[in-house]
Amino acid sequence: MKKLGMALIAIVMIGASVTSCKKEKTLDCNAVTKKVSDAASAYVQSQSSTNCKNYKAALQEYFNSECYGDLTAEEKEQYQTIVDMLSCPE
């Protein structure tokens, strides 16, 4: 259940930060955000190893993108910690 809570926290973070995307990057940001949302939905429905890895990869891609917003190094580190804490079963 802890993993599910982390997934939901990440979804909220992404939803809140997608508005920080620059206008010229809107389509790219929407695609990256949708990928995370779809992966999160699949993971919430079935916490399989594959869904977990896909969700974690989508989060990492999002955090590495320009859609991530103007956050401080400390804030970025905190969000990266969330991704790192999501351990997927083999």
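Here are a few notes on this predicted model, going from the whole fold down to one serine.

1. First, some ground rules. Local features need pLDDT of at least 70 and side-chain atom pairs count only at pLDDT 80 or more, while totals for chains, interfaces and linings use all residues. Residues are numbered from 1 along each chain as its sequence is written, and side-chain values use heavy atoms, with hydrogens and water left out.

2. The overall layout is α-α-α-α from the N terminus on. That's four helices and zero strands (DSSP runs: H or I of at least four residues for helices, E of at least two for strands, numbered from the N terminus).

3. Of the 90 residues, 34% are buried, meaning under 20% relative accessible area with a 1.4 Å probe, protein chains only.

4. Now the inside. The largest nonpolar core (buried Ala, Val, Leu, Ile, Met, Phe, Trp, Tyr and Cys residues joined through side-chain atoms within 4.5 Å) has 17 residues. Val 36, Tyr 55, Leu 59, Tyr 62 and Phe 63 have the most contacts inside this core. Helix H2 (26–45) and H3 each supply at least two of the core's residues.

5. Have a look at Ser 49, too. Ser 49 sits in helix H3, which covers residues 49–64. Its relative accessibility is 16%, so Ser 49 counts as buried.

6. What does Ser 49 touch, leaving aside neighbours within four places in sequence? Its contacts (heavy atoms within 4.5 Å) are Cys 88, Pro 89 and Glu 90. With Pro 89 there's a closer detail to check: the Ser 49 side chain reaches the backbone oxygen of Pro 89 at 2.4 Å.

Key: Buried < 20%, exposed > 50% of the residue type's maximum accessible area, 1.4 Å probe, protein only. Polar contact = N/O pair within 3.5 Å; in protein donor to acceptor, adjacent residues only side chain to side chain.
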